[in-house]
Amino acid sequence: MSSPPSSPRTSDVLVVGGGIIGLVTAWRAAQRGLATAVVDPEPGGGAAQVAAGMLAAVTELHYGEQTLLALNVASARRYPQFAAELTDLTGHELGYRRCGTLAVALDVDDRAHLRELHALQRRSGLESEWLAGRECRRLEPMLAPGVRGGLRVDGDHQIDPRRLAHALVAACERAGVVFHRVWADRLTVVRDRATGVVTADGAALEAEQVVLAAGSLSGRLAGVPDSVLPPVRPVKGQVLRLAMPRSHGPLLSRTVRAVVRGNPLYLVPRESGELVVGATSEELGWDTTVTAGGVYELLRDAHELVPGITELPLTETRAGLRPGSPDNAPLLGPTELPGLLLATGHYRNGVLLTPVTGDVMAHVLATGELPDEARPFTPRRFSAAALTEQPV
Ligand SMILES: Cc1cc2nc3c(=O)[nH]c(=O)nc-3n(C[C@H](O)[C@H](O)[C@H](O)COP(=O)(O)OP(=O)(O)OC[C@H]3O[C@@H](n4cnc5c(N)ncnc54)[C@H](O)[C@@H]3O)c2cc1C
C-alpha cells in the first residue's frame with residue numbers, strides 16, 4: 001500500500017528505509033522538531049526480524065576493530081535509558097534482559113583462542129572473568145561436560161529485535177513521523193544536491209535532507225552518484241528458533257556463545273521461552289534461502305554445546321541479511337553530495353548500535369555537525385580522495 005493521498009510529500013528529513021536504523025533516526029529527528037518522513041513498503045521489517053538481539057560490545061570484540069569498540073560500548077551504556085524511554089512512550093515491552101553472557105571453549109584450540117580474546121578485552125579496559133570448565137557448568141548446568149573453560153561477561157545483555165522494531169514504529173507514529181509505505185525507486189538530484197526520491201508508484205517526495213538507511217540494499221538505490229554510493233554488501237545469516245519448556249525452569253539463564261570447529265555459535269534464551277540459535281555467515285548476495293546444510297550445522301554445533309536442545313520443538317528457521325561494510329563499522333553522517341546522509345553498514349551490531357545511531361543522526365540532522373564519537377564513522381572515509389591518502 002502506498003502513502004495516503006493526503007500525506008505531505010515534503011519534509012525536512014526523508015529517511016529511505018524503515019529498519020531499526022532508519023526508524024531510530026526518524027524518531028530522534030522528529031523529537032528534535034524536524035518534520036520527518038520514512039519511505040519503506042514494510043517499516044519495522046528488515047534484518048531485525050531475524051537478528052538474535054545480543055548487545056555484545058565485549059564478546060563481539062575482534063582484532064582490528066578497537067575503533068568500533070568505543071561506539072559499541074557507548075551504545076551499550078545508553079541501552080537501559082533508551083529501552084525505558086521507548087517502553088514508557090509506547091507501552092511496548094522490548095524483552096531487554098540484563099542477563100550477561102558466557103563464552104565457552106569446547107577444545108584446546110578454542111580455549112587458546114578465548115584466552116587471547118580475554119587478554120585483548122583486558123587490554124581494552126573491558127570487564128570479563130576467566131572461568132574453569134566446571135565453573136562454567138555451575139553457572140549453566142545444561143552445558144556439555146566437555147566444556148574446557150570460558151569467559152563470564154556480565155555486561156553483554158540482550159533485547160528482542162522484533163519487539164524493538166515494533167516499538168520504534170509506534171514511537172515514530174507518536175512523534176508525527178509520516179510513513180510512505182512504498183519502495184523508493186531513485187534518488188532525485190537537482191544541481192548537485194539530493195532533494196528527495198521518486199517512489200515506485202511515481203510520486204515525488206521532497207526533503208531538505210535525505211538519509212539513506214536501506215540496510216543491505218543501501219548500495220543499490222538508483223540515482224545515487226557512484227562517488228557517494230555506500231560500499232555495503234549483504235552478509236547472509238541463518239537462525240533457528242526453538243521453544244524452551246517453562247515447566248523445568250530455563251534451559252539456559254544467560255546468552256551462551258562458542259566457536260565450534262571455527263564456526264561462531266550463540267544460544268540466546270529469552271524470557272518468553274524462545275531460544276534463538278545462530279548464526280551462519282555467508283557471502284551469497286541477496287539470497288535468503290534457509291538451507292538444509294545451514295540448519296544442520298547450527299543444530300549439530302548447538303547440540304555439541306548444549307546436548308539437551310535436541311528435545312526442544314523447532315519453531316522457526318529464517319535467514320536475514322546483515323549490511324556489511326569494508327571495515328565492519330557503520331557509515332554515519334553527511335556524504336560529499338549535499339543533502340544526502342548515510343546511516344547504514346551496521347553489519348552484525350545494528351541492534352546494539354541503535355541507541356547511539358539515533359542520537360548521532362539526530363544531532364547531525366539538526367546541527368549539521370557530526371558528534372565527536374561518530375567522526376571515525378564518516379562515510380567520507382571511503383571517498384576516492386580519502387582512500388588514496390591512506391598510507392600503504
Ligand atoms: C542472522 C542475523 C543475526 C544478527 N544478530 C545481531 C545481534 O545479535 N546483535 C546485533 O546488534 N545485531 C545483529 N544483527 C544485525 C542487525 O540485525 C542489523 O545490523 C540491523 O538490523 C540493520 O538494520 P538496518 O535498519 O540498517 O537495515 P535493515 O534491517 O536491512 O532495514 C532496511 C530497510 O530498508 C528498506 N529498504 C531497502 N531499500 C529500500 C528502498 N529502495 N526503498 C524503501 N525502503 C527500502 C527495507 O525494506 C528494510 O525495511 C543480526 C543480523 C542478522 C541477519
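User: In this predicted model, what makes the length of helix H7 close to the expected one?

Analyst: Set the reach against the expected span. Helix H7 covers residues 354–367, which is 14 residues. From its first C-alpha to its last it reaches 20 Å. At 1.5 Å a residue, 20 Å is expected, so the two are close.

User: Is H7 enclosed by the rest of the structure or not, and how do you know?

Analyst: H7 is largely enclosed, because 10 of its 14 residues are buried. Among them are Pro355, Val356, Val360, Met361 and Leu365.

User: What phi does Gly368 take, just after H7?

Analyst: Gly368 takes a positive phi of about 80 degrees.

User: Why is Cys99 called buried?

Analyst: Buried means under 20% relative accessible area. Cys99 has 13% relative accessibility, so it counts as buried.

User: Why is Cys172 called buried?

Analyst: The cut-off is again under 20%. Cys172 has 0% relative accessibility, so it counts as buried.

User: Why does Cys99 form no disulfide?

Analyst: A disulfide needs two cysteine sulfur atoms within 2.5 Å. The closest cysteine sulfur to that of Cys99 is in Cys136, 16 Å away, so it is too far for a bond. The structure holds zero disulfides.

User: What makes His180 buried?

Analyst: His180 has 2% relative accessibility, and the cut-off is under 20%, so it counts as buried. His180 is found in strand S8, residues 178–180.

User: How far apart are His180 and Ala37, in sequence and in space?

Analyst: In sequence, His180 and Ala37 are 143 residues apart. In space, they are 7.3 Å apart, C-alpha to C-alpha.

How values were computed. Residues are numbered from 1 along each chain as its sequence is written. This is a predicted model: local features need pLDDT of at least 70, side-chain atom pairs count only at pLDDT 80 or more; totals for chains, interfaces and linings use all residues. Side-chain values use heavy atoms; hydrogens and water are left out. Helices (H or I, at least four residues) and strands (E, at least two) are DSSP runs, numbered from the N terminus. Buried means under 20% relative accessible area, exposed over 50%, partly exposed in between (1.4 Å probe, protein chains only).
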